[in-house]
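Hi,

Here's the structure I said I'd pass on. Have a look at it first, and then read my notes underneath.

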Amino acid sequence: MTVCNFDTVLYNLLGMNVNEDQLYRAVGNKLRFRREKLKLSQDKIAQDVGLLRTSITNIEAGKQKPPLHVLYSICLALKIEIADVLPRTGEVESREVVNVEFNNETKQMPPMAAQMLNQMLKE
């Protein structure tokens with residue numbers, strides 16, 4: 001029987017952090033590229049999916065995080081598969097780590113794992 005340390009399990013569960021800014025910028029760039037390739041205006045896409053033009057502008061700039069169903073609707077309007085606008089995981093993976101004191105040892109782990117661990121230890 002293999003025994004695992006709690007911090008190792010937590011790190012493995014949350015080991016990869018996604019850089020959300022990079023993710024939404026990458027998605028927005030791919031949407032904008034496709035829209036421009038089809039010679040469609042932001043107004044046209046906005047009308048097709050029931051959004052304001054400014055929302056399309058912000059989504060393409062990575063400033064607005066569309067819910068999944070909205071992203072699907074935009075992809076339908078652009079006649080593109082959603083997988084074609086999603087970046088590969090390595091393109092948006094953040095390797096940021098922070099030091100955390102746990103069991104009298106200093107561990108390095110992603111910020112989200114550290115935050116969860118600290119929150120659990122306070123309870």
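Below is what I found, going from the inside to the surface. Keep in mind that this is a predicted model.

**The main core**

The largest nonpolar core is made of 14 residues. If you want to know who holds the most contacts inside it, look at Leu31, Ile45, Leu71, Ile74 and Val85. Four helices each put two or more residues into this core: H2 (20-37), H3 (42-49), H4 (53-60) and H5 (68-77). The top contributor is H5, which supplies five residues.

Val85 is a handy one to click on. Once you ignore neighbours within four places in sequence, its contacts are Ala26, Val27, Lys30, Leu31, Leu71, Cys75 and Ile80. Two of the names in that list, Leu31 and Leu71, also appear among the core residues with the most contacts.

There is a second core as well, separate from the main one. It has six residues, including Val100, Met109, Ala113 and Ala114.

**Helix H5 from both sides**

Which residues of H5 are buried? They are Val70, Leu71, Ile74, Cys75 and Ala77. Looking down the axis of H5, you'll see these buried residues fall within an arc of 160°, so they line one face of the helix. What do they pack against? The partners are H2, H3 and H4. Turn to the other side of H5 and you get Leu68, His69 and Leu76, which are exposed. After H5 comes Lys79, and its phi is positive, near 55°, in case you want to check the backbone there.

**The methionines on H7**

Now to the surface. Met112 sits in helix H7, which covers residues 111-122, and Met120 is in H7 too. Are these two buried or exposed? Neither label fits: Met112 has a relative accessibility of 46%, so it counts as partly exposed, and Met120 is partly exposed with a relative accessible area of 38%. The cut-offs behind that are under 20% for buried and over 50% for exposed.

Together with Met116, these methionines form a nonpolar patch on the surface, and the three have about 260 Å² of accessible area together.

One last thing about Met112: its C-alpha atom is 7.5 Å from that of Asn17, although the two residues are 95 apart along the chain.

Cheers

How values were computed
Residues are numbered from 1 along each chain as its sequence is written. This is a predicted model: local features need pLDDT of at least 70, side-chain atom pairs count only at pLDDT 80 or more; totals for chains, interfaces and linings use all residues. Side-chain values use heavy atoms; hydrogens and water are left out. Buried means under 20% relative accessible area, exposed over 50%, partly exposed in between (1.4 Å probe, protein chains only). Patches are made of residues with over 30% relative accessible area and no salt bridge: like charges are joined within 9 Å, nonpolar side chains (Val, Leu, Ile, Met, Phe, Trp, Tyr) within 5 Å. Accessible areas come from the Shrake-Rupley method with a 1.4 Å probe; for residues, only the protein chains shown count as cover. A salt bridge is a side-chain nitrogen of Lys or Arg within 4 Å of a carboxyl oxygen of Asp or Glu. A nonpolar core is a set of buried Ala, Val, Leu, Ile, Met, Phe, Trp, Tyr and Cys residues joined through side-chain atoms within 4.5 Å. Contact means heavy atoms within 4.5 Å. The arc is that of the directions from the helix axis to the C-beta atoms.
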